[in-house]
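Welcome, and please open the model in your viewer. We will go from stop to stop, with a selection to make at each one.

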Amino acid sequence: MIDVLHDSTDRIESPVELSVVIPMFNEEEALPALVGRLRPVLDGTGEPYEVVAVDDGSTDRTAEQLVELRAIWPQLRVVRLRRNSGHQAALTVGLHRALGQYAASLDADLQDPPEKIPEMLALARSQHLDIVYGVRANRSTDSGFKRRTAGAYYWLMRRMVGTHVPAQAGDFRLLSRNTLDALKALPDQPQVYRLLVPWFGFPSGEVTYHRDPRVAGHTKYPLRKMILLAVDSIISFSVAPLRLAIWLGTLAFFVCLGTLVYTLVVYAAGDTAPGWTSLIIAVLFIGAVQLICLGVLGEYLGRIYTAVRQRPTYYVAEDTGTAAAPTMGIAWPGPRRGQGTREDSLGGQGLS
């Protein structure tokens, strides 16, 4: 479902104070530990809450386990996607459908401690904050490669996007209803929330924590997805690659100018045979610069094509909270709605 923002005068007040959004993909091994730690924390707050578990097309028993857990945990709400659409897309689904006045996003691997959520909520209320970031004060449990690549990512983003991007803050954060509504009002596009949320400029604070080892399973962010995330982050929030292409073209011009002067000097001296090496180097250099510039332009052109095409990147197959609290939105004209709590609906762009 493509959610739309409604005027505040038409907004229906929700009895839910806190929503916890958890994207999941093949997390059957981590689910028991997650529930064992998260439920006591949320019950202990004394606040009306919901847990929005977004099953991102899991191929194991994650979806079945979530349905079984609903029988003993009424606050658990299951949103199931028809196919794997990516972590950021699943997070978008959960945030757009969250009913709470505040929404915390949490990964199922328990590397980010759910025990920090009440502290985030208390900080947001006491200081009237719209955003509270979970900032990793210690990443010693991560591999050396992971720490170095993560450090390079945040250093690059802060240099290209701005210092308002919190260092070492991932997708563990608390958002107010104002922030959630602002996110829903944005046009559909690939969302990189660790850059998009700071971009709003809402009042924000930080809660630090030690990052724990993954409780079970394996990482869902291998090197390939980390590179894709970095590319999405750069292209979505900066035109620096286009400017880099200009500088490369300028450098190529001066190199060719120098080669031209060298060629004329060699020609005047009557020794033209040795020019083969410099000619090959110049041709290869110019060709490489042209290909790099074309690649950069192609990336930006591809994003424009994706935006114009307006093809959704996820299908919501089922939302167990729909019957109790339907989400307003624009229905897709193709698939028809099912009966009861089942539905076929579409969402906006996400990171695939």
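What share of the contacts in the protein with a separation of 6 or more comes from residues 24 or more positions apart? Such residues account for 84% of those contacts, where contact means heavy atoms within 4.5 Å.

Before you select anything, note that this is a predicted model, in which local features need pLDDT of at least 70 and side-chain atom pairs count only at pLDDT 80 or more, while totals for chains, interfaces and linings use all residues. Residues are numbered from 1 along each chain as its sequence is written, and side-chain values use heavy atoms, with hydrogens and water left out.

**The whole protein**

Start with a cartoon view. The secondary structure comes to 10 helices and 11 strands; helices (H or I, at least four residues) and strands (E, at least two) are DSSP runs, numbered from the N terminus. Now switch on the surface. The protein exposes about 17,700 Å², and carbon and sulfur atoms supply 63% of that area; accessible areas come from the Shrake-Rupley method with a 1.4 Å probe, and for residues only the protein chains shown count as cover. Of the 352 residues, 45% count as buried. Buried means under 20% relative accessible area, exposed means over 50%, and partly exposed lies in between (1.4 Å probe, protein chains only).

**Two enclosed helices**

Select residues 87–97, which form helix H3. Here 11 of the 11 residues are buried, so the helix is largely enclosed by the rest of the structure. Among them are His87, Gln88, His96 and Arg97.

Next, select residues 177–185, helix H6. This helix is also largely enclosed by the rest of the structure, because 7 of its 9 residues are buried. The buried residues of H6 include Arg177, Asp181 and Lys184, along with Leu180 and Leu183.

**A cavity and what lines it**

Show Ile22, Met24, Leu31, Leu34, Val35, Leu38, Val51, Leu66, Leu69, Trp73 and Leu76 as sticks: they line the largest cavity. On a 1 Å grid over the protein atoms alone, a cavity is a set of points where a 1.4 Å probe fits but cannot get out, and lining residues have an atom within 4 Å of a point. The count comes to 1 cavity of 30 Å³ or more, and the largest has a volume of about 40 Å³. Grid points are joined across faces, edges and corners, and a volume is the space filled by probe spheres set on the points.

Which elements each supply at least two residues of this lining? They are strand E2 (18–24), helix H1 (31–45) and helix H2 (62–70), and the largest share, 4 residues, comes from H1. The lining divides into 11 nonpolar residues, no polar and no charged. Ala, Val, Leu, Ile, Met, Phe, Trp, Tyr, Cys and Pro count as nonpolar, Asp, Glu, Lys and Arg as charged, and the others, Gly among them, as polar.

**From Arg70 to Thr320**

Stay with helix H2 and pick Arg70. At 30% relative accessibility, Arg70 counts as partly exposed. Add Thr320, which is 250 residues from Arg70 in sequence and 9.4 Å away in space, C-alpha to C-alpha. Leaving aside neighbours within four places in sequence, Arg70 is in contact with Leu76, Arg77, Val78 and Thr320.

**Strand E6 and an aromatic pair**

Move to Val135 in strand E6 (residues 131–138). Is Val135 buried or exposed? Val135 is buried, with a relative accessible area of 9%. Thr208 is 73 residues from Val135 in sequence but 4.7 Å from it in space, C-alpha to C-alpha. Beyond neighbours within four places in sequence, the contacts of Val135 include Ala167, Thr208 and Tyr209.

Keep Tyr209 selected for the aromatic rings. The structure holds 3 aromatic pairs. Rings of Phe, Tyr and Trp (its six-membered ring) pair if their centres lie within 6.5 Å; planes under 30 degrees apart count as stacked, over 60 as edge-to-face and the rest as tilted. Phe172 and Tyr209 have ring centres 5.5 Å apart and planes at 85 degrees, so the pair is edge-to-face. This pair links distant parts of the chain, with Phe172 in strand E7 (residues 169–176) and Tyr209 in strand E8 (residues 204–210), 37 residues apart. Both Phe172 and Tyr209 are buried.

Definitions and conventions: On a 1 Å grid over the protein atoms alone, a cavity is a set of points where a 1.4 Å probe fits but cannot get out, and a pocket is an open set with protein on both sides within 12 Å along at least five of seven lines; lining residues have an atom within 4 Å of a point.
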